[in-house]
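Hi,

Here is the structure I promised to pass on. Have a look at it first, then read my notes below.

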Amino acid sequence: MISTPSTGSQSDPELPPAQPPSAQPDPPQTPEQALAELYAGNRRFVTGTPRHPNQDVGHRTAVAGEQHPFAVIVGCSDSRLAAEIIFDRGLGDLFVVRTAGHTTGPEVLGSVEYAVTVLGTPLVVVLGHDSCGAVQAAATAVSTGARPPGHLGAVVDAVVPSLRRAAAQGVDDPARIIDIHIAQTVEELLGNSAVLAAEVAAGRCTVVGMSYQLAAGEVRTVAAAPAAG
Ligand SMILES: [Zn+2]
């Protein structure tokens, strides 16, 4: 016997009418609001109380025509770093660009510029994490002098400057090296995209770097663009 999952909508006549599934609070409009929303979602994820907002059929239909994501996530491709999950968000909320080691090649920069200028997204987050394989591969390449074959070499090449910067500062703690790579990525985004830098200077957008802890599920801010003005 196959039972149909209950929707719960017709069991209790005393309940008020359900809101349409697509009814959601207005999305964040400012960099500060967007950052607060991400931290609130991460807190729900960390504590095991996710709401899974904006994942219902009604919202899917509502955003089919246009999108207004409130944050760009430039994150590592690591399978344990899924942005919509760790920030407890849904469809239309996050514009996500991911490469191994959150590199900043031209397609990445173009994607960020599209979100910030065309979609009006007020926040860009560089999202790195502990135990990053791309950083480890770059460290191995530096220590052995052997560049990986194929296109993996390009990923390593993109991360090596962060390792050299850490070495120049006398940093050998893996967690601090990750933080330096995140900060380096924030600087590369701003240094290599005049479009993004102009949006930040005008106060329309902010760039922050976050480090994610795989086991705890928690993010913390480790870098930020200089304030506008
Ligand atoms: Zn990684």
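How many bridges join strand 4 (residues 206-212) to strand 5? There are five, and the two strands run antiparallel. One of the pairs matches Ser-211 with Arg-220 of strand 5.

Before going further, some housekeeping. This is a predicted model, so local features need pLDDT of at least 70 and side-chain atom pairs count only at pLDDT 80 or more, while totals for chains, interfaces and linings use all residues. Residues are numbered from 1 along each chain as its sequence is written. Helices (H or I, at least four residues) and strands (E, at least two) are DSSP runs numbered from the N terminus, and two strands pair if DSSP finds at least two bridges between them.

Now the sheet. It is open, has five strands in the order 2-1-3-4-5, and its pairing is mixed. Strand 2 (94-99) and strand 5 (219-224) are at the edges with a single partner strand each, so one side of each has no neighbour in the sheet. On average, neighbouring strands are turned by 25° against each other, direction ignored; axes here are lines fitted to C-alpha atoms, for helices over the stretch in contact, and angles run from 0 to 180 degrees between N-to-C directions.

Two helices to look at next. Helix 1 (residues 31-46) packs on the sheet and touches strand 1 (71-76), strand 3 (123-129), strand 4 and strand 5, where contact means C-beta atoms, placed from the backbone, within 7 Å. Its direction makes about 35° with that of strand 3. Helix 7 (residues 174-192) also packs on the sheet, touching strand 1, strand 3, strand 4 and strand 5, and its direction makes about 160° with that of strand 4.

Then there's helix 8 (residues 194-201), whose buried residues are Leu-196, Glu-199 and Val-200. (Buried means 20 or more other C-beta atoms within 10 Å of a residue's own, exposed 12 or fewer, partly exposed in between, with C-beta atoms placed from the backbone.) Down the axis of helix 8 they fall within an arc of 100°, so they line one face of the helix; the arc is that of the directions from the helix axis to the C-beta atoms. Their cover includes helix 4 (106-118), helix 7 and strand 4.

Last, two non-glycine residues with positive phi. His-52, with phi near 50°, sits in the loop between helix 1 and helix 2 (57-62) and counts as exposed because it has 12 C-beta neighbours inside 10 Å. Asp-88, with phi of about 50°, lies in the loop between helix 3 (83-86) and strand 2, but is buried, with 23 other C-beta atoms within 10 Å.

Cheers
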